[in-house]
Amino acid sequence: MKFLSDLNFPRVVILGSLLASAVTGYFVYVNKARLTQLKQDVKNAPGVVRDIQMAALELEGLREAASREGLKGEGDPEFYIRTIAQAENVDIGQVEVFPSTSVPARGVEDRRYKVKPAEKTSYFRRGSIANFLYKLEADSRRVRVTHVKIEPHEKLKPGQIGKDFWKFEAEITSRQAVATN
Amino acid sequence: MAKSCGIHIGQRRFEVVVLDGSAKKHKVVFQQSGDIPLGEDPITSTALAIKEATKGKKFPGENIGLAVDSGLAAYRTLSLPFDDHSKIEDVIKFEVESQLPQWDIDDVIVDFLTLNSTPGVESNLLVTAVPKDRLEARIRACERAGLEPYEAELDTTALFNAAQQAGILSDDGAQVLVHVGDASTSVVVVDGGQLNAMRAIHTGAGVTAPAPAEPSDDLLDDDEHEEREPAMNPAAIEQRRQEIARRLRRELGRTISAASTQNPIEAVYVTGLQLSGLMDEPIQEVPVRPFEGLPGADAADEGGACAVAYGAALRRLGGGVLKGTLRREELRYSGKFERLELPLAVLSLLLLTILGVQLLITKREIGWRGEGSLSTEWPWYVFWEKGERAPRKGDLQIWLEASNAFMFPNPDDEYPGRLSAPSDELVAYRKRAEAGLDEDRTKMEELLNIRRLLAIDIDRLKRELGQISEVEQPQSALEGLTLVLEVIDGLGEQVGRFGLRGMTANTSQGRSGQNDYVLVKLDVDFFANDDVVATRHYNDLANALEAERWCQDFERKPTKPIEGGQGIYADGITIQVDVSKAPKEEG
């Protein structure tokens, strides 16, 4: 090309400047795009930080709840039941726990724990039984009382009013997902 | 096929010729000559005259050649002990300076033609010198007419080229070529087809115009040589022309006598303006003939009046042997692009500077908005500073650090933080992000990553606590029993006194897509003064339970009277409860 064959200083400057401008222009374009994104990020930052703080508060709340949780993770349910049985305002005393499992549906396992007072002849006030059953569910979100049987401690005939002492049996169930092959 | 244009500008006349074709084969497509009127600005006058003559015609851009009156020039011969063209170019001005005492060497354009040379030993040159201002005036005139010439030469070289093309020159003869101009006459001696000599006779055939009233400083005027013609009548003009013809014949005779040619001079060929008496008789027994043989020449051509313009146009087509080059130094031809080179160079440098500044500014702004500069060391180009410098944090870095400061505990300040016991992973990532070590993420992405890590911990704890589970826990028999007992308790007087002799609640699995449910069984005594009231109590209880949304079924059992007329009892009252339909407690 005539332009290149007759190169002189101004033409070298033109060529060099245009080439350098093209490269610089590309980087300016990239930086401008990045800057636009950064400005948007700065605009969004307060919202994200607010979310982080809210999440931190939620996490702290859950951590505290977890510290109060009776049955945690893979904790021992029998230990859990017995601990509650001896809790204040429950005073059920020693209990027998009979574990069993069942599969109500594919991929699901029910871990059942039948609870009976260790002493067959034991009897309790309604409040103690109620507190016991209530705490079994309240202190863990992973169990449900799925069987309750409460009877007067002495057999009563119809119309007969006995003393306010009762015997009971209960069953708690913890349903979990299990891996299926 | 290419086109070329040749312009010949004399004192008071101009010729324009346009050729179409190639150097060897072409035709004249346009040929025009005319007078240059007198005017205050001779350049403008010339330009207007040429423009008028060429109005409506298209002319080739860079293929325009200009031939100027040789009366402007001085001719000298020079011998140099070398024949290298570039070396001659370097020294020619210096060598000829002493032979041109009438001019400052810097005020003239010097060109040369090689008459003969011995390779590497010697070269004999015919040097021509033309004042720059006069040459420039003619170039500017053409430029204003829209016909800027790419190259300029003397009319003698153009005449030589035209003669060669016309076939006038021969290898075994010598010729004298004469162009009669309006103010001067150009003479070229050719020997064996080679240039032998050139000269200008400062007498021309232009005697028709009246003399100007005052001496003119017109650039187109050849002040040194022009004879101011007084106003004349036709008879006087004719007489004057005859005198000029006689003078020219004498000068030509001297030229013929003085010419040292190896071959005998065959003829004198005359072109340009017609002068009666010039070609009537031989000069020194050398016949005088008109210039013939040029393409496009006819009776209207007045004997090849445009031969010089033709020669200039031929040169631009690539033809011609002699290549006069008068557009040199500051008069060098610069095309449109050449003229724009310097401004373009400045503009492109300016563009580069602007873009460079933009780049710096955007880079700075990115730092201000993003992470900034966390380094405590001074950059290499700030060599005068010692010690550490404070990090310059960007906006997002500040947001990140502030968020972390609120979230994490700080034992130094006894600040408990929103998270009393953050996970190790979160603590580690906080340090990495604040130090700018996470190079895979932008600052915003680092904030989002912290949010993501918190969400993972939240999810994990919720699962541990059973708040979210992949499987739904079974319905609570305790809750089902409680719902039933709440209704009984809520009825108050409506159900009267009652006794519960047994309560059982069992969670059962629903069948065929139905919800699970709780089956509550009660053994109930309804105390009242009579059976009717007791039965009403029982019915009211049944109705109340059946009215509940969560009560799917109430299986009434047969009632029996209590001994002693105290009321009635029913054993095994079964209530099917769907706990999922019970109203949920708020909070």
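Biologist: How many helices and strands does chain B have?

Modeller: Chain B has 12 helices and 20 strands. Please keep in mind that this is a predicted model. Of the 587 residues in chain B, 39% are buried, and among contacts in this chain between residues at least 6 apart in sequence, 67% join residues at least 24 apart.

Biologist: Let's start with a single residue. Why is B:Tyr75 counted as partly exposed?

Modeller: B:Tyr75 has 16 C-beta neighbours inside 10 Å. A residue needs 20 or more to be buried and 12 or fewer to be exposed, so with 16 B:Tyr75 counts as partly exposed. B:Tyr75 belongs to strand E5 (residues 74-80) of chain B.

Biologist: Which residues is B:Tyr75 in contact with, leaving aside its neighbours within four places in sequence?

Modeller: They are B:Leu126, B:Thr128, B:Met198 and B:Arg199. In addition, the C-alpha atoms of B:Tyr75 and B:Ala129 are separated by 6.7 Å, although the two residues are 54 apart along the chain.

Biologist: Why is strand E10 of chain B called largely enclosed?

Modeller: In E10(B), residues 185-191, 7 of the 7 residues are buried, so the rest of the structure largely encloses this strand. Both faces are covered: B:Thr185, B:Val187, B:Val189 and B:Asp191 are buried on one side, and B:Ser186, B:Val188 and B:Val190 on the other.

Biologist: How do you know that E9(B) and E10(B) pair, and in which sense?

Modeller: At least two bridges are needed for two strands to pair. Strand E9 (residues 174-180) of chain B and E10(B) have 7 bridges, in the antiparallel sense. In one of them, B:His179 has B:Ser186 as its partner. A hairpin through 4 residues joins the two strands.

Biologist: How many bridges join E10(B) to E11(B)?

Modeller: There are 7 bridges between E10(B) and strand E11 (residues 194-201) of chain B, and the strands run antiparallel. Here B:Thr185 stands opposite B:Ile201. The hairpin of E10(B) and E11(B) has 2 residues between the strands, and B:Gly192 in this hairpin takes a positive phi near 60°.

Biologist: What makes E3 and E8 of chain B the edge strands of their sheet?

Modeller: The sheet is an open one of 5 strands in the order E3-E2-E1-E4-E8 (chain B), with mixed pairing. Strand E3 (26-35) and strand E8 (151-154) each pair on one side only, and that makes them the edges. On average, neighbouring strands of this sheet are turned by 20° against each other, direction ignored. At the E8(B) edge, 4 bridges join it to strand E4 (residues 64-68) of chain B in parallel, with B:Leu66 and B:Ala152 as bridge partners.

Biologist: Which strands does helix H4 of chain B lie across?

Modeller: H4(B), residues 155-166, lies across E1, E4 and E8 of chain B, running at about 90° to E8(B).

Biologist: Which residues have the most contacts inside the largest nonpolar core?

Modeller: They are B:Ile7, B:Ile50, B:Ala162, B:Ala309 and B:Ala313, in a core of 90 residues. Helix H6 (residues 307-316) of chain B gives this core its largest share, 7 residues. Another core, of 50 residues, lies apart from it, with A:Leu133, B:Leu483, B:Ala505 and B:Val520 among its members.

Biologist: How do you know that the buried residues of helix H3 of chain A line one face?

Modeller: In H3(A), residues 77-85, the buried residues are A:Pro77, A:Tyr80, A:Ile81, A:Ile84 and A:Ala85. Seen down the helix axis they fall within an arc of 130°, so they line one face. They pack against strand E1 (95-105), strand E2 (108-117), helix H4 (126-138) and strand E4 (166-177) of chain A.

Biologist: How many residues does each chain give to the contact between them?

Modeller: Chain B gives 66 residues and chain A gives 63. H7(B) gives the most to the chain B side, with 17 residues. By class, that side has 33 nonpolar, 19 polar and 14 charged residues.

Biologist: What makes E3(A) and E16(B) a pair?

Modeller: At least two bridges are required, and strand E3 (residues 144-152) of chain A shares 4 with E16(B), in the antiparallel sense. Across these strands, A:Ile150 stands opposite B:Met503.

Note on methods:
Residues are numbered from 1 along each chain as its sequence is written. Chains are lettered from A and ligands numbered from 1 in the order in which they are written. This is a predicted model: local features need pLDDT of at least 70, side-chain atom pairs count only at pLDDT 80 or more; totals for chains, interfaces and linings use all residues. Two residues are in contact if their C-beta atoms, placed from the backbone, lie within 7 Å. Ala, Val, Leu, Ile, Met, Phe, Trp, Tyr, Cys and Pro count as nonpolar, Asp, Glu, Lys and Arg as charged, and the others, Gly among them, as polar. A nonpolar core is a set of buried Ala, Val, Leu, Ile, Met, Phe, Trp, Tyr and Cys residues joined through C-beta atoms within 7 Å. The arc is that of the directions from the helix axis to the C-beta atoms. Axes are lines fitted to C-alpha atoms, for helices over the stretch in contact, and angles run from 0 to 180 degrees between N-to-C directions.
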